[in-house]
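Student: I have a chain to look at, and I would like to go through it step by step. Can we start?

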Amino acid sequence: MTDFTCPMRVLPDGTMDGKTLATAGLRGLPGLFLTAVQAAAGDGTEAMAAPGPDYVLRGRDVLWFAGDAAGVHSLRKIPGLAPQTKQVDKLKLHKTERRLVQAVVAVRSPLIGQTVRDSHFRTC
């Protein structure tokens, strides 16, 4: 299994705001593990590792998940959560048209040392 990490933001006044992790159903998700929470109340630089089931979610908390591609994809379907990254907002695609892609680059590939942008990955 290849693990990905994915930060998800709790939407203020959303369906997850004010619920515990257990009540929100965010523990034991297939293919995922909640590794940490960055609390909205703090300055956002410290995270609580592996919070317990009684942790109460607050709007703007950032939840860090690790898991496989299918698990990460399923996070985007959970009401009350949104991707933390602003990069997603730059895409000119509706969220139902987006795909999570995993690529394997050979050790001797000319792509080694290039960024995704430099490799023109999206234009191939």
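Tutor: First, one term: contact means heavy atoms within 4.5 Å. Also keep in mind that this is a predicted model.

Student: Leaving aside its neighbours within four places in sequence, which residues is L57 in contact with?
Tutor: Apply that cut-off of 4.5 Å between heavy atoms. Skip the neighbours of L57 within four places in sequence. The contacts left are V10, M16, D17, G18, K19, T20, L21, A24, L26 and L63.

Student: How many residues does the largest nonpolar core have?
Tutor: L57 is among the residues with the most contacts inside this core. M16, L26, L63, F65, L75 and L81 are also named there. In soluble globular proteins, nonpolar side chains tend to be buried together. The largest nonpolar core has 19 residues.

Student: Which elements give two or more residues to this core?
Tutor: Both strands and helices contribute. The strands are β1 (4-10), β2 and β4. The helices are α1 (21-24) and α2 (69-75). So the full list, in chain order, is β1, α1, β2, β4 and α2.

Student: In what order do the elements of the chain run from the N terminus on?
Tutor: The chain has four helices and five strands. Read them from the N terminus on. The order is β-α-β-β-β-α-β-α-α.

Student: In what order do the five strands form the open sheet?
Tutor: Use the pairings. Six bridges join β2 to β4 (residues 62-67), and two join β2 to β3 (residues 48-49). Three bridges join β1 to β5. The pairing in the sheet is antiparallel, and the order is β3-β2-β4-β1-β5.

Student: Why is one side of β3 and of β5 left without a neighbour in the sheet?
Tutor: Look at the ends of the open sheet. β3 and β5 (81-83) each have a single partner strand, so one side of each is left without a neighbour. Both stand at the edges.

Student: Which residue is the bridge partner of A36 in β4?
Tutor: β2 covers residues 32-38. The strands β2 and β4 run antiparallel. Across from A36, in β4, the bridge partner is W64.

Student: And which residue in β3 is the bridge partner of V37?
Tutor: Now turn to β3, residues 48-49. β2 and β3 also run antiparallel. The bridge partner of V37 is M48.

Student: How many of the seven residues of β2 are buried?
Tutor: Here, buried means under 20% relative accessible area. By that cut-off, β2 is mostly covered. The count of buried residues in β2 is five.

Technical notes. Residues numbered from 1 in each chain as written. Predicted model: local features only at pLDDT ≥ 70, side-chain atom pairs only at ≥ 80, totals over all residues. Heavy atoms only, no water. Buried < 20%, exposed > 50% of the residue type's maximum accessible area, 1.4 Å probe, protein only. Pairing = 2+ DSSP bridges. Core = buried A, V, L, I, M, F, W, Y, C linked by side-chain atoms within 4.5 Å.
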